[in-house]
Each structure stands twice: as structure tokens, then as C-alpha cells.
Amino acid sequence: MQMMTRNVLLDMDQEEEDDEEDGDIGDVPASGRPFLTPASVLPSMLVLENLDQTILSNCGSLEEQQDFQVPEFEEFNGKADSLYFNDGQRRIDFVLVYEDESRKETNKKGTNEKQRRKRQAYESNLICKGLELEATRSVVDNKLVFVKVHAPWEVLCTYAEIMHIKLPLKPNDLKTRSSAFSHLNWFTKILSVDENIIKPEQEFFTAPFEKNRMNDFYIVDKDAFFNPATRSRIVYFILSRVKYQVVNNVSKFGINRLVSSGIYKAAFPLHDCKFGQPSEDPSCPNERYLLYREWAHPRSIYKKQPLDLIRKYYGEKIGIYFAWLGYYTQMLLLAAVVGVACFLYGYFSQENCTWSKEVCNPDIGGNIIMCPQCDKLCPFWRLNITCESSKKLCIFDSFGTLVFAVFMGIWVTLFLEFWKRRQAELEYEWDTVEFQQEEQARPEYEAQCTHTVINEITQEEERIPFTACGKCIRMTLCASAVFFWILLIIASVIGIIVYRLSVFIVFSTTLPKSIDETDPIQKYLTPQMATSITASIISFIIIMILNTFYEKVAIMITNFELPRTQTDYENSLTMKMFLFQFVNYYSSCFYIAFFKGKFVGYPGDPVYWLGKYRNEECDPGGCLLELTTQLTIIMGGKAIWNNIQEVLLPWIMNLIGRYRRVSGSENIRPRWEQDYHLQPMGKLGLFYEYLEMIIQFGFVTLFVASFPLAPLLALVNNILEVRVDGWKLTTQYRRMVPEKAKDIGAWQPIMQGIAVLAVVTNAMIIAFTSDMIPRLVYYWSFSVPPYGDHTHHTMEGYINNTLSIFNVSDFKDISKADSDSGLGNYTTCRYRDFRNPPGHPQEYKHNIYYWHVVAAKLAFVIVMEHIIYSVKFVISYTIPDVSKSTESKIKREKYLTQKLLHENHMTKNMGIMIQKVAEVVDNNRRPKSE
């Protein structure tokens, strides 16, 4: 290794750090911080502390070290597909990229020199930790330097023990139970990936690695014992915890801070080959090529996902996401079929929709004059202008909707329960059953551990970032910030409501008051419909804009909260982001479903919003169609926008980057340089993919009673989403650092909460948003004596019976509209409510029909909720979270693993004892020397 004198780094102790690049994260007193700060003392901690002391004794601290150890520079050997150092023996486990300060075109020499010293100190300490580095300049841009990192066998073994990584003990010889659908193998074979192309992974009994039991593990080839994903994970663990500077007795460390501050341009593991063609290196497994060909390519859209290969290449965290997304998509198939059936039932039965025929009938709906829906400016209008919207409403507001709402309440429970079983199977197959023992504290958490407390269990000292009082203050501040931003979202929703109230007046004055059969647009574009469509579009635009702010705010709040582990961090961020998005996406839908048209008063005494704007009213058929329109625009717009972000933006960015790099010479670029010019995945990984799907899950379940086609749209979107996400990961993004995960984290309880809430929302949509309950009450009670005039139960006369009468002379001056409306002479108008007519002893008070409807609505909600919740409880109790076969496999493997380790340990001890006995016997037989 080249050495250089380190006479300037000592000055860094006296430098005043006035730049913001390091911040507080990664800072901790060097004299007081252990390498890791656990919640409880683990055996691996002793190993890690001893290791740290050994390294310090060999290399010295930053203050004691007199020389930097820097990587040797090597020229690119021309092997574009090589994954090894120039010697062809040492595998590249990670790549660090920086811009050579001596060749930067900048005048900030002081800043460049400081960055160079930090980087050199960091790389020197990497070498002291046992990693091997090799630097190579870019073949396209000579300012860029690629530092290739290799972890030798000894380092891998040491940190595998520290990280509690499970590794193979012996091949798994447990027989797998044959499937109940084995007779359909010919069909499943068509949908499955060819095993000759992607060979099934060999199963092993595994156990947490221990160096003193190395002989117990299944080590056939040291180079293959740690697969590339595991090697990258170990190296990243080291990179995240190595120091690079000491200032005023405070250590600064971690590759994340170095990348965010610009000292390094990037840090990433390598893809193993090009996605479009296999590698020329015969030792390359070509897993990226196989994933693209058999998974991400559009021609493989009908095939099952190769989950084991996805997990092997990208890690369990990404594998579990695609397993969940695939399972969710499969379950949506059933919901989509039932939803389409209910939609078709409504479509073909709309010809029998009596109340819609009455609206469209010129002799009934054409003669009904409706009261103005705003003050002064809004005119009187004829009911039959809502003819087309009433026809559409018959499709969605039918008996099939009720059946589908009940079905979806049961479907969501089946999905969640069966997913738990599938997740338990994956935990067993992917060795994540006891993953919680492996997870280490985040470097950002460790950096803040300055307080010493006594662990109640071990009675030993441990470090924490803040006291109980400090934690309480932080949690209070975080909760206050979350509450403030939720109020800000609600304020934006109020703004949309004010827009709806204002623009409705404009449409009411400009759009026609009666229907004209010669104008096709007039048949569909009513003031209510025009207001609903424009408000939905504006609401969607505001939602997309606010999302960008909420993301940054949620990350800032979570960083301030300082969770201990990466899982805790993601779960905390998940809850905040979902809470923001829930209010952001669903608030307008909740307003239409449960508030619009519910508190409007009557024409003689209307209710005003903010004391100025008269509350909105629903169409004579209710607000269900408007809710359907809102859901369609938001769901469709969201799907289109997300695909633009996920597909077009990375593709365009990479395309622009390729054109910029064209310099007239066609240089062969090495693997690391090709990957560097791909797009970075981002710190949160698949967080936004989960969030997108959970928001969709909410639309599919919470408001499905108003839109039975929602599962079909979600199904089509998800079939494409699986392949788009796969294509994006394999072709447009750098390889992510593989991470372990045993489940989908906080998204599971979120889905369970949505499932519980969905029962209530769908019951209330049917009861309070649709007109199903009023129609049933009329059919069974008010169409026949003593309240009706018909001799049999019928829907005839429903419209006339459910529209109350108002005397035009009873309008207040503030509400009185222009009497010259062109609709003829009239003294009364109609409005949507159940009130007594003028001249009645209780004029304009709610009539008996109203109280029957209210009682029926409340009874319906209570009965429907109790029935569905009872069925959900029975299903949850009947279906165990872990199947008996999986539970038996877990217990069996644990037993055999313990037995194997015990037998090997006993055999080893017996061998030592026999050897000692033999030595004693030999000593006794040997003649004594004089």
C-alpha cells in the first residue's frame, strides 16, 4: 500500500466546523461511544468491542495514527463484465465513487482539501478494519475515481457472527408435502418459470454463524459460502460505522454522511451483468439477466414471479414486497370478478329502474320545478335535466352494490388472514423467523448515545440517546407537528369545498335550466356534474402537490424522533406518511360521502358554510354518483401519475445521461461505471411502492360500495405494477443494498385498520349516501296504505313522494331568485328532503317518512356491521396465522439444528478427551529419565 504523511489531519482537531455537511448525525464523543449501542447487552457486543480495540491497537486512533493507508490505483484491464479486482481473485463487494479534488474545476481549495483529508482518513480506517481497496479512474471522465471494496474471508466471518447472520449447516432433507392441486401441474407449469432456466435454490438447515463452530457449517467453497447479497450487506454494515474524523473529541462516521455531504458521489453494490445479455465471464451467475428475461420483461407478464431469485439477488426486504404485491394481485382477481358481476347486474337492470324513468319522463320529471340551489343567482330548473345522471346512478345504486359491499367486507378478512399464512411460510423458507435478534442499531441512533443508564435486566451500563424526560419532550413535539400538518391538509380540503360552493353558482347561471334533446352535451353536463368533475381534478392536483411537502416533513419529524433500528425508523415513518396521505387522499371522498347534502336546511331556511356560502346539495338521486366520479378521477389519475414517475422519469434521466456521456470515442466501460450512471434508488427504498399500494387498498375497500369496478382497475394496475417495478429495479436503478425483513412491517396493522374501517364506511355509504334505504322504505311502507295509494308494493310515485314542496312566496329576500326563469308560471318548487308541505300544521318540519328512513338507516348500519364483524371474527379465529405444516417444519428444523450442533460439539469434545487420554497413556508408558 502507498503511504502518505498525515501531518494535516492533526489540525482537524482544532478546526472550527462551520460547514453544515456533517450536522449532528454521525457525531458522538470518541472517548465514550461503543461501536454499537444495543438495547440490551448481546454476546456479539463483546466480540465487536474486542474487535474495535484490536483494530485500534494495530492501526491506532485518528490522533495517534501517523500515516494514511490509501488504496493502490490500478488501470482498467478492459474486462467490462468483470466483478473482480484486477488480480481476478478478489470479488468486488461494494463500490465507492468520488471526484478527484485535484482535478475539480473550482476555486474552493480549502473545502476540497478538507474533503480529501476526510476521505483519506475514512479509507485508511476501512483498511484498518480489514477491508481491501483498489482504485480505478473512470474511462469516460478522468475526474471520477471508483474505489472497489473487497471483504476477505476473515472479515466476513467476524462480522457474520456480530450480525447474527444465519448460514447453512447441512442440506435440508425434509420432504416437502405434495400440493392438493398436483393434478393441475400441466396448467401451473405454463405459468411458472422454467426450472431449467432458473434452477430452484437448494434448501439448508441454518444457524447463526459462530467462528468457533466454523467446522459445523456447510463450507464446500469459501468463495461461495457467503453469497454476493450477504457480502454486500456485511460490507455496508462496516461502511456505515467506520470513523473518518475527530473534532473536539467527537467522532464523525458513516458512508451515508459522506455521500450526503458530497465527499463521495455514490456508494453501491454491483449488478452482476447487463440486463439485456448474459455476461461473457463464465463464473458470472447472470442473475440480473435472468430476472429481466423471466420476470421484468413484458412477455413474462403471465408468469409467476421467481421470488426465491428476487430474494437471493435483492434481499428479503424486496422479496417480501413482491411476494405481498403478487398475493394481493391474485386475491384482487376474485374481488374484480364479483365487482364486474355486480356492475353488469346494475347495468342490465337499469331499464327496470322505475324512479329513473320518472325523472326522465317529460310528464313527470319535466313538470317538476326544482328550487334554486344557491341564493339569488341560481335559477329554478326542471328535474329532467338530471335524466342521464339518474340512469348512471341506477348502475351503481342497485341491490348488487349491497351484495358487493358485504362480500368485500369478508374478502378483505380472507386476504389478510391468508397473507399471514403465506408470510409465515416465507419466514421459514427465507430464514427470517428469528430475524429480530439480528437487527442492529442505526448509526444515526448510535451517534446520539451520550447518556449512560443501568440496564434493569443485566445491571450493566448502556448508552441511550436521551433520558425519559427528553424522550417525552421529543414525542410531544413530533405529535404536535403531525397534528399541525393534518390540520393544514384539512384546510386545503376546506378550500376545495369553498371552490365547489363558489363555482356551482357560476355553472348554475350559465348552464341551461331545461333539457334540449338537440344538444348532446346538455344531456350530460349539469351544474352538479360540472362542479364535481372540475373540483375532483383540482383536488387531485392539490393532492399531488402537497405530497411532496408531506414527504419531507414526515422524514424530518422521524429523524428528530430518532428510532433505534431501521425497522423502527421505517415503521414510524410509515405511520406518519400514511396518516398524512390518508387525510390527503380520502378527505374529499369522506366529505362527499358523509357531509355533502346532509346539513343544508330547506329553501326557506338554508344552512350557510363559514356564514357566507350556502351548503351544497346532492342531486335528487343522492351524492353516490358524485362519489363515484371522485374515486374514478383520483384512482385513475394517481395510477397514471405514478407510472409516469416510476417509468418515464428514470428512463428519461438515464437516456439524457447516456447522450451526455457520448464523447466521440466508444470506450469499453467497466461494470462499476455502467452501474454508477444508473439512477439511485433513494434512501427509503420501496417505501413509496408500499404507500402507493396501501392507498389503493384503501380506495378498493373503504369506498367500494360506490364503485364496484375499483377492484378491476386495481387488478389491471397491479398486474402492470409488478412488472413495471421489476423492470425499474433491473434496468434503470443501481442495485440496492440487500436487507433482511421478516414481514411487511407497519403496513400489516395499517391494512387491518383499513379493513375494520371499511365495514363502517361501506355500511354508511349504502345507508346515508345512496338512496337504497329510502327506496326500500317507500317500497315496503309508503307505496301502500296507510301512507300510499297503491294497492301493491311498487316504486311508482317514488320521486313525487320523496321531493318536498316549498312555496315560492316563502323565500327570504337574501335567497329569492329571479322569477323570470323561462319555465312558465309556478307558485311552488320542489327540493330534496322529507318535510311537511306548506299549509301543514307543522309546516316545513320533518315528516313521518323522514323518521322511518332515519330508523331504517341506523338499523341497517348496526345489522350490517354486526353481521360482517361476526363473520370476520369467525374467519380470523378459524384460520390460524401459521399453518400446521409450516409450524411443524419450523419446530422440526429447530430441533434438528440444535441436535446437529450438539452432536458436533460432543464429537469435538470426545475427540479432545480421547487425545488427552492417549497423551497421558503415552506419558505413563514412556520410561522415566534419570
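In this predicted model, F343 and Y347 are four residues apart in helix α10 (residues 316-348), so about one helical turn separates them. An α-helix has 3.6 residues a turn, so residues three or four places apart point the same way. The ring centres of F343 and Y347 are 6.5 Å apart and the planes meet at 20°; because planes under 30 degrees apart count as stacked, the pair is assigned to that class. The two partners can also be described by their exposure. F343 has a relative accessible area of 18% and is therefore buried, the cut-off for this class being under 20%. Y347, at 41% relative accessibility, counts as partly exposed.

The wider set of ring contacts comes next. A pair of aromatic rings is described by the distance of the centres and the angle of the planes. The count of aromatic pairs in the model comes to 60. One of them joins Y122 and Y264, whose ring centres lie 6.0 Å apart with the planes at 65°, so this pair is edge-to-face. Here the contact links distant parts of the chain, the two residues being 142 residues apart. Y122 belongs to helix α2 (residues 109-128), while Y264 sits in the loop between α7 (255-260) and β12 (266-268). Y122 has 0% relative accessibility and so counts as buried; Y264, with a relative accessible area of 1%, is buried as well.

Aromatic faces also meet charged side chains. R119 lies over the face of Y98, at 3.6 Å from the ring centre. In a second case, the ring is that of F237, and R241 is placed over its face at 4.1 Å from the centre.

Turning to burial along a whole helix, α12 (residues 387-396) has eight of its 10 residues buried, so the rest of the structure largely encloses this helix. The buried positions are C387, E388, S389 and S390, together with L393, C394, I395 and F396.

And what is found at the surface? A nonpolar patch of about 700 Å² is made there by I640, W641, I644, L648, L649, W651, I652 and I656. W651, one of these contributors, lies in helix α19 (residues 624-661). With a relative accessible area of 37%, W651 is partly exposed; this value fits the patch criterion, because patches are made of residues with over 30% relative accessible area and no salt bridge.

Methods. Residues are numbered from 1 along each chain as its sequence is written. This is a predicted model: local features need pLDDT of at least 70, side-chain atom pairs count only at pLDDT 80 or more; totals for chains, interfaces and linings use all residues. Side-chain values use heavy atoms; hydrogens and water are left out. Buried means under 20% relative accessible area, exposed over 50%, partly exposed in between (1.4 Å probe, protein chains only). A charge sits over a ring if NZ of Lys or CZ of Arg is within 6 Å of the ring centre and within 35 degrees of the ring normal. Patches are made of residues with over 30% relative accessible area and no salt bridge: like charges are joined within 9 Å, nonpolar side chains (Val, Leu, Ile, Met, Phe, Trp, Tyr) within 5 Å. Accessible areas come from the Shrake-Rupley method with a 1.4 Å probe; for residues, only the protein chains shown count as cover. A salt bridge is a side-chain nitrogen of Lys or Arg within 4 Å of a carboxyl oxygen of Asp or Glu.
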